[in-house]
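Reader: I should like to go through the assignments made for this structure and hear the grounds for each of them. Please set each value against its criterion.

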Amino acid sequence: MSLTRVSRSDSLELHEGVDNAAFQEDGGRADSEKTDGQVAADCPSSSLNLDGAESSYTQIKPYAGMSKEVLLLYSRQARYRLPREILFWLVIVSTLVLLAVNITVIALSPRCLSWWQSSPVYQIYPRSFKDSNNDGIGDLKGIQDKLDHLNYLNIKAIWISPFYKSPMRDFGYDVEDFRDIDPIFGTMKDFDDLLVSMHDKGLRLIMDFIPNHSSDNHVWFQNSRRREEPYTDYYVWANCTRDKLPNNWVSVFGNSSWTYDSVREQCYLHQFLKEQPDLNFRNPDVRREMTDIIRFWLDKGVDGFRMDAVKHILEAPHLRDEPQVNASQPPEQVNTEFELHHDYTYTQVGLHDILRGWRAELDTYSREPGRYRFMVTESYDYEEIDKTMMYYSTDFARESDFPFNFYLMDLPQGLSGARAQELVGNHDKPRMSSSVGKEYISAINMMMLTLPGTPTTYYGEEIGMENVHIHIEDIQDPFGKFDPNASRDPQRSPMQWSSEPNAGFSGNGTGTWLPIHPNYTTVNVEAQKGNDSSVLEQYRRLSLLRESEMALHRGWMCFVWSDVDVFVYLREQDGLDRAFLVLINLGRNATTDLSSISGLPEHFRVHTSTVPKNQGRSYDRAAVPTKKGEGLLLEFSSNQRFHTSHASSCYISERACYLNVLDIMYKC
Ligand code: GLC
């Protein structure tokens with residue numbers, strides 16, 4: 001086949017039937033034998049006269065090295081042009097479609113849950129978790145030895161109470177050096193090793209950060225008492241005499257929060273022990289120091305902080321007396337926290353700015369992929385829930401990921417106040433097994449693991465540990481020394497690992513820093529592991545279930561029912577038919593009639609019960625039986641969502657729907 005190029009007026013056409021001159025053999029003479037000029041002369045482009053109206057040109061087919069003009073001749077041909085244009089537009093359209101799909105997917109996708117949302121946080125009180133050097137006190141190496149226990153429970157984040165260098169007046173909450181480890185707990189190398197092991201096992205480390213005060217042994221305080229610059233104003237000092245204190249403020253641990261210092265001849269403020277002087281956060285140097293300490297630990301790789309006692313950080317500079325709760329009480333008898341309104345010492349203006357500043361630091365470090373740095377704040381705001389809510393981030397100001405929700409601790413006294421929450425116990429509060437009753441512990445664990453929000457488990461709750469009895473003369477807690485009824489020792493007894501001596505916590509022949517609970521022979525990890533009906537195995541099952549069931553870890557929570565015995569709520573997820581109804585019995589044996597509640601199915605199947613023989617049973621909604629202390633997770637299937645008809649009793653933190661066909665989540 002050959003082509004002829006015919007130029008008529010301005011247009012060029014190619015016709016079949018004419019030989020391609022450029023491909024004709026040149027009398028057997030090889031190109032190599034030709035001169036450059038000859039090659040150029042033979043080249044078809046050189047034989048084209050594109051300008052001339054009469055010009056014509058013939059070719060057989062495209063050839064390698066053809067000139068631009070020849071190429072254009074072919075490319076303008078309809079059979080090349082059409083597919084080319086089709087391909088061109090296909091590429092453009094598909095690129096645009098892909099872009100649009102990407103933008104839509106990004107815009108419609110709900111945020112993935114971060115590590116601090118996807119599993120319970122486990123609190124370790126390091127003195128009491130595991131003793132590796134047999135001195136009767138737990139330590140960092142001990143924690144490292146027991147990480148598999150936490151993996152077994154499907155825990156992903158561990159908050160460790162303070163292990164800084166400390167004279168231990170408040171067992172670590174009195175920090176002598178914010179950049180060092182107390183020798184009781186080990187060395188900085190032990191800390192580094194622990195952190196590496198934790199990360200290797202997929203565990204995150206949340207440190208306790210104590211901004212309000214240091215130990216009086218801290219070099220800053222020692223310098224401040226001597227008015228050595230720049231430390232003079234590192235603490236809150238006021239003029240006073242031994243007999244005339246600056247005002248009526250009282251410490252959380254009882255008595256005046258002022259102590260006269262004979263070196264400086266002034267009083268210093270301490271909202272906790274006198275060995276815990278309050279830092280002066282109105283001094284920019286102090287704020288800078290504390291931020292540097294946060295950076296120090298972030299640089300080491302810690303994953304977040306539990307910010308201790310934050311509502312105490314600032315005080316009113318005018319130092320006026322706080323109003324008494326009972327105005328007629330003689331002022332000299334006012335010596336406990338609950339006898340004053342803390343208008344000038346708690347939650348002062350400026351507090352949230354300080355916290356937001358620290359959040360910004362954490363956010364800087366969170367930019368590393370997969371390294372979100374977390375922040376939880378501790379503030380006992382008692383009945384003032386608005387104050388608690390202030391610690392949450394908003395769209396405009398980032399602050400803590402959540403404040404601890406202490407309200408659930410009051411649950412046994414009044415079920416109607418229950419809300420989505422995070423924790424039921426810690427090192428400051430009696431263990432639930434003791435305050436509510438050990439028969440309720442599995443139901444309480446079930447409630448914690450099936451409510452929305454991040455559950456926080458204090459070590460030992462997973463096996464139902466109870467408060468230990470401590471004779472008054474053996475009390476170690478400084479708060480307990482002021483008021484034995486307020487002692488926090490009972491909930492700090494050593495972890496019960498096995499029925500070995502010292503419950504497997506320590507090999508020390510002369511005992512442990514606090515006594516072991518006598519029930520350790522039966523209440524221990526070893527005895528409960530593998531026993532399906534044990535508190536430990538129930539905890540584990542629910543922890544795994546929470547992670548695998550979307551309705552439980554990110555779905556709606558609807559309040560359904562409560563009476564003196566039973567608290568009932570529902571968990572469901574838009575787009576999923578499978579939903580759960582949870583009954584927590586914190587009273588006596590009961591039968592709950594839910595037939596007046598619209599939107600519930602006639603029957604439920606027992607998915608999990610803390611009373612193992614009830615497993616797999618089916619219940620009618622008019623009569624759901626629960627035993628005293630039973631936790632019941634009922635399962636049902638429905639294509640009707642409960643929350644749509646009960647909006648005022650339902651809650652979700654971030655709504656998302658599940659699309660079955662594509663197995664994806666989207667904002668809805
Ligand atoms: C926090 C701690 C508590 C400590 C106090 C003073 O409330 O939880 O244990 O005694 O702060 O630091």
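Author: In this predicted model, the residues lining the second largest pocket divide into 21 nonpolar, 13 polar and 13 charged. The lining comprises 47 residues, and the volume of the second largest pocket is about 1,000 Å³.

Reader: Which residues lie nearest the centre of the second largest pocket, and which helices each supply at least two residues of its lining?

Author: Tyr 380, Tyr 382, Asp 428, Lys 429 and Phe 479 lie nearest the centre. The helices include H13 (432–435) and H15 (478–482), each of which supplies at least two lining residues.

Reader: What makes Asp 428 and Lys 429 charged, and Phe 479 nonpolar, in such a division?

Author: The division goes by residue type: Asp and Lys belong to the charged group, whereas Phe and Tyr count as nonpolar. Asp 428 and Lys 429, both among the residues nearest the centre, are therefore charged, and Phe 479 is nonpolar.

Reader: How many cavities of 30 Å³ or more does the structure hold, and which residues line the largest cavity?

Author: The structure holds one cavity of 30 Å³ or more, and the volume of the largest cavity is about 30 Å³. Its lining consists of Val 121, Trp 159, Ile 206, Phe 374, Val 376, Phe 402, Phe 404 and Thr 456. Seven of these residues are nonpolar, one is polar and none is charged. Thr is not listed with the nonpolar or the charged types, so Thr 456 is the polar one.

Reader: Where do Phe 374 and Val 376 stand in strand S13, and are they buried or exposed?

Author: Phe 374 and Val 376 are on one side of strand S13 (residues 374–377), with Met 375 and Thr 377 on the other; all four are buried, and both faces of the strand are thus covered. Strand S13 pairs with strand S12 (residues 304–307) in the parallel sense.

Reader: How do you know that S12 and S13 pair?

Author: Pairing requires at least two bridges. Four bridges are found between S12 and S13, so the two strands pair. In this arrangement Gly 304 stands opposite Phe 374.

Reader: What makes S9 and S10 edge strands?

Author: The open sheet has three strands in the order S9-S11-S10, with antiparallel pairing. Strand S9 (237–238) and strand S10 (258–261) each pair on one side only. Strand S10 is joined to strand S11 (residues 266–269) by four bridges, and Thr 259 stands opposite Tyr 268.

Reader: Why is the pair of Phe 221 and Trp 237 called stacked?

Author: The structure holds 40 aromatic pairs. In the pair of Phe 221 and Trp 237, the ring centres are 5.6 Å apart and the planes make an angle of 10°. Centres within 6.5 Å count as a pair and planes under 30 degrees apart as stacked, so both conditions are met. The pair links distant parts of the chain, with Phe 221 in helix H9 (residues 219–225) and Trp 237 in strand S9, 16 residues apart. Both residues are buried.

Reader: Why, then, is the pair of Phe 253 and Phe 272 called edge-to-face?

Author: For Phe 253 and Phe 272 the centres are 5.4 Å apart and the angle between the planes is 70°. Planes over 60 degrees apart count as edge-to-face, which therefore is the term that applies. Phe 253 lies in the loop between S9 and S10, and Phe 272 in the loop between S11 and helix H10 (284–300). Both are buried.

Reader: How do you know that the charged ends of Lys 529 and Arg 540 sit over the ring of Tyr 152?

Author: The charged end of Lys 529 is 4.4 Å from the ring centre, and that of Arg 540 is 3.9 Å from it. The distance limit is 6 Å, so both satisfy it; an angle limit of 35 degrees from the ring normal also belongs to the criterion.

Reader: Why do Asn 154 and Ala 503 count as buried?

Author: Asn 154 has 8% relative accessibility and therefore counts as buried, and Ala 503 counts as buried because its value is 0%. The limit is under 20%. Each also has a positive phi without being a glycine: about 65° for Asn 154 and near 55° for Ala 503.

Notes: Residues are numbered from 1 along each chain as its sequence is written. This is a predicted model: local features need pLDDT of at least 70, side-chain atom pairs count only at pLDDT 80 or more; totals for chains, interfaces and linings use all residues. Side-chain values use heavy atoms; hydrogens and water are left out. On a 1 Å grid over the protein atoms alone, a cavity is a set of points where a 1.4 Å probe fits but cannot get out, and a pocket is an open set with protein on both sides within 12 Å along at least five of seven lines; lining residues have an atom within 4 Å of a point. Grid points are joined across faces, edges and corners, and a volume is the space filled by probe spheres set on the points. Rings of Phe, Tyr and Trp (its six-membered ring) pair if their centres lie within 6.5 Å; planes under 30 degrees apart count as stacked, over 60 as edge-to-face and the rest as tilted. Buried means under 20% relative accessible area, exposed over 50%, partly exposed in between (1.4 Å probe, protein chains only).
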